[in-house]
Amino acid sequence: SGLARERAEISPVVELYGRYEAASASADDARGMLGESGAEMRELAETELAHFALTMAALDAEILRALLP
């Protein structure tokens with residue numbers, strides 16, 4: 001049916017967006033750790049924040065490609 005076809009077409013975009021949202025939430029958690037008093041914890045937070053920023057940029061590009069006709 002038409003609805004099943006539409007769902008199949010949008011499903012990959014929904015999955016990518018879910019991964020983007022998860023990475024965004026993890027980046028927010030890392031930002032929260034930046035205020036920690038220990039240098040080691042701050043360094044870990046900075047590393048994680050950089051990782052999630054790259055992940056989000058890659059997912060953003062994948063989402064845009066998935067939305068192209």
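Buried means under 20% relative accessible area, exposed means over 50%, and partly exposed is anything in between (1.4 Å probe, protein chains only). By that yardstick Arg19, at 40% relative accessibility, is partly exposed.

Quick ground rules: this is a predicted model, where local features need pLDDT of at least 70, side-chain atom pairs count only at pLDDT 80 or more, and totals for chains, interfaces and linings use all residues. Residues are numbered from 1 along each chain as its sequence is written, and side-chain values use heavy atoms, with hydrogens and water left out.

**Exercise 1.** Find how many salt bridges the structure holds.

*Solution.* Start with the criterion: a side-chain nitrogen of Lys or Arg within 4 Å of a carboxyl oxygen of Asp or Glu. The structure holds three such pairs.

**Exercise 2.** Work out how Arg5 and Glu9 are placed relative to each other.

*Solution.* Step one: they form a salt bridge, with the closest N and O atoms 3.0 Å apart. Step two: both sit in helix 1 (residues 2–33), four residues apart, so about one helical turn separates them. Helices here are DSSP runs (H or I, at least four residues), numbered from the N terminus. Step three: Arg5 is partly exposed at 48%, while Glu9 is exposed at 51%.

**Exercise 3.** Do the same for Arg19 and Glu15.

*Solution.* Their side chains meet in a salt bridge at 3.8 Å, N to O. Both lie in helix 1, four residues apart, about one turn. Glu15 is partly exposed at 43%.

**Exercise 4.** Describe the Arg31 and Asp28 pair.

*Solution.* The N to O distance in this salt bridge is 2.5 Å. The partners are three residues apart in helix 1, so about one helical turn separates them. Arg31 is partly exposed at 43%, and Asp28 is partly exposed at 45%.

Terms used:
Helices (H or I, at least four residues) and strands (E, at least two) are DSSP runs, numbered from the N terminus.
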